[in-house]
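Please look through the sequence and the model shown here before reading on. The paragraphs that follow move from one helix to its surroundings, then to the nonpolar cores and the salt bridges.

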Amino acid sequence: MAALQLRRFRQLSRCFPSYFPGFFYGPSRRNNGVQALHYSFPSVLCPHSDDSAKENYIYSQRFSTVSRKKHKSLDRDGLLSFIASSLDKVEGPSHYWLNKSEDNKAIPRRDGVFLVLAGAFLKELKSESVIMIENVKALQQRYPAVHVMGFQSNKSIFSDDFMVQLLQSMMREFITFPILLSTNNFPEVLEGACYILFEGFKCPQIFYEKDVDIGIIDKAIKKLNMQEHNNKSVNKLESSWAKPTPVIPEPYFGSSLQNLFLYFPGCIAVDESNDRLFISDSNHHRIIVSDGSGEILESIGASPGFEDGEFQWAKLNRPAASFYHTADDCLYFVDSENHAIRRADMERRVVETLYPMCNINNKRYSLWSWILDKIWPSNDPVAKSGTHDSETILYPWHMMKSVDDLYILTRSFETLWIMDLASGDIKDVVKVLEGFSKIWEICGQMILEKSALLKNMPSEWLQQQVGPDCALEGVQYASLMSSVATYQDHVVVCDAVGQRLLKLNKTSGSVASFQCSNFGILGLPYWCLYSLERVYAIDAQTSRSDHIQQFSLLPGRIDIQLIVDIPEDTVLVEPLREDYVWWQARGTATVVPEAKKKEESLEKVGVAQQWYNELDDLAALTPKEKLSTEKEEMISDSEVQEGRICIKSAINTSPGTCEVIISAAIYLKLKNLSTSTDDNREKYASRIAHHLSNKSGRSRRDQCLQQLLASNADVRDLIFMKPLNVKLLFECLNHPKAKNSKDIILTNSSVDVNVSLT
């Protein structure tokens, strides 16, 4: 009887709101047929005392059992319970995680502070949704210990069309936090997008206002952090919002697309006087410099991060718009995810940060300046204080030059920063809340001129790039203004959906793909280096390298011939040169620099004489003869046969154990077997998806296929990279002795290694 009374009491209690001392209750309201009572949290969470701040209440809600619609509804605790039960499984009967895998520890535990961006924030990327995503990403950077995630519920959320739309939105906004998809309906998120903040899956705080001040959420997170860590917050919060996080997260969902040559080419700039194009390969965190014919000349940026220095060592984080300044031979560009404006000195080949001035990760260009900085630290107050939050640049994307100023805009044109080009100081900040007419008055004509270059592009293609609801004051495709530039008789356009560059002929109106060459100058991609580090650390049975083989030989010189079989339906884009392949030896082995040459005399005079003779021969060659010699070396260093590549090198070994790591980036494209038709287009896309994600699960392969089919591009034009990682283990015995038992005998050995990339 007591159990029955207790159960009845619980059922009745759901019909009444929960009262807490000191909380002010607002009037109830009905949304989507569900009655909800709202109340604001105490004023201690609101940093402002003025009346305008009272509009930004932190709301939570309690739903009654009365419903005008028949649907599966779960209360607030049910939503948190559902999230908690889904953390350990990537996929379940009613949920699926994007940006999360079995070995991805994005949310390793259930305790701690959670920040959830819930609702249809990815379905339609309007300006409000973009601002909410940027707010969450800014909080994720500022609080690395907070578990940030997204949540979306919809009955059709697993359909192909819905998934393609989600993936394109995630790629466009570079979302790095995991997103939980569910077919269940939750009343808390039916009204639209909202923020949910809680600690330990209890007492959630719900922020319904889309334009809620990010400072209020920041205060709430800080309070929860202090409660959890006994007033020892994880991060010091006195720093500027622009301070970058030391560890740059990468989106997991698009890791298969990383092996495409271009991964979200976002923006482009042109230097016609020097025949150079600057392509922002945004999601690869680099800027590719090529000439008009497509030959790659430079690569600015090596990996994600925030660090100045030489081109091959500098770190960027999603570069966007750029422009070339002829007077000082510098490329100024937006470093979007680092909230920075940076400058690439093309003559010195050095990247510098123009804004913010308090960048603490800059690399010194001189050993002496580094020593002086250690002995006498800088007392510059500007470098220590950082910038004011009112002037801080957050997620810039567009950039234009006017006389001595830089106009910097977000992609949604919500904020305009006016920067002095010489000093890097912010002269003025104009927000759309103050009236878009002021922004339009300052740079509207420049936006019109750049957007007009797209007028001859097919309307279906343009709509595919920007999505719905992206018009700006009558300029429908203004958001694409930084992805187009004129070059001689062509208009060069970035296709961020098809992952390629397009050339539009101004005279004929024909559109063709912009083909690139000289891929070896890009070096070994950073995401392959991460795999290479794992090769060293783990044993042969669990290694992720493509091939592992062991040998037992006598010490001495070992000639290695590596024969790589490429997939049957692909062709090599260009032959591999010697500097396209990276050899690393550990233990008792050293790599011989020139393996193709015959064994030479060890006498110093003979070696030196031969070196001088080679210099004399090289000096006597004309430029054309030098070019032909380089082409011959390119073929001889890496012999290309039908369907395979032959790479040669050699090592010198001593008694003991050693290992040799051979890595390369092999660029391929599909064979042209037949004319392109709509029927076989899906087959070609399926083959590329297989090559890009052949070591991944079926779900990621399907996601990759959907992304490739999202564009109407001919996928046979896509160039993709197959990484090669080979590990050779050698166990060398002692040197054989001569008959006098004193001298040792040097031996020559050779090994053939066969590797398949299929």
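Helices (H or I, at least four residues) and strands (E, at least two) are DSSP runs, numbered from the N terminus. The model is a predicted one, in which local features need pLDDT of at least 70 and side-chain atom pairs count only at pLDDT 80 or more, while totals for chains, interfaces and linings use all residues. Residues are numbered from 1 along each chain as its sequence is written, and side-chain values use heavy atoms, with hydrogens and water left out.

A starting point is glutamine 707, which is found in helix H14. Glutamine 707 has a relative accessible area of 8% and is therefore buried, a word that stands for under 20% relative accessible area, with exposed meaning over 50% and partly exposed in between (1.4 Å probe, protein chains only). Setting aside neighbours within four places in sequence, glutamine 707 is in contact with Val164, Leu167, Gln168, Met171, Leu257 and Val497, where contact means heavy atoms within 4.5 Å.

Helix H4 meets H14 through Asp160, Met163, Val164, Leu167, Gln168 and Met171, which face Gln703, Gln706 and Gln707 in H14. The residues of this contact divide into four nonpolar, four polar and one charged; here Ala, Val, Leu, Ile, Met, Phe, Trp, Tyr, Cys and Pro count as nonpolar, Asp, Glu, Lys and Arg as charged, and the others, Gly among them, as polar. Two packed helices are described by the angle between their axes and the distance between the axes. The axes of H4 and helix H14 (residues 698-709) come within 10 Å and cross at roughly 85°, so H4 is roughly perpendicular to H14. Axes are lines fitted to C-alpha atoms, for helices over the stretch in contact, with angles from 0 to 180 degrees between N-to-C directions; angles under 35 degrees count as roughly parallel, over 145 as roughly antiparallel, 65 to 115 as roughly perpendicular and the rest as oblique.

H4 also has a part in the surroundings of helix H9 (residues 459-466), in which Trp461, Leu462, Gln464, Gln465 and Val466 are buried. The buried residues of H9 pack against H4, strand E27 (490-495) and strand E28 (500-505).

The largest nonpolar core has 128 residues, and those with the most contacts inside it are Ile341 and Phe730; such a core is a set of buried Ala, Val, Leu, Ile, Met, Phe, Trp, Tyr and Cys residues joined through side-chain atoms within 4.5 Å. Its largest share, ten residues, comes from strand E35 (residues 644-670). Apart from this core lies another, of 24 residues, including Leu277, Leu501, Leu524 and Ile719.

Salt bridges, each a side-chain nitrogen of Lys or Arg within 4 Å of a carboxyl oxygen of Asp or Glu, number 20 by this rule. One of them joins the side chains of arginine 411 and glutamate 173 (3.8 Å, N to O), linking the loop between strand E23 (405-409) and strand E24 (415-420) with helix H4 (residues 160-173) across 238 residues. Arginine 411 counts as buried because its relative accessibility is 16%, and glutamate 173, at 7%, is buried as well.

In another salt bridge, the closest N and O atoms of aspartate 569 and arginine 687 are 2.7 Å apart. Aspartate 569 lies in the loop between strand E31 (556-565) and strand E32 (570-572) and arginine 687 in helix H13 (residues 678-692), so the pair ties together parts that are 118 residues apart in sequence. Aspartate 569 is buried at 17%, whereas arginine 687, at 35% relative accessibility, counts as partly exposed.
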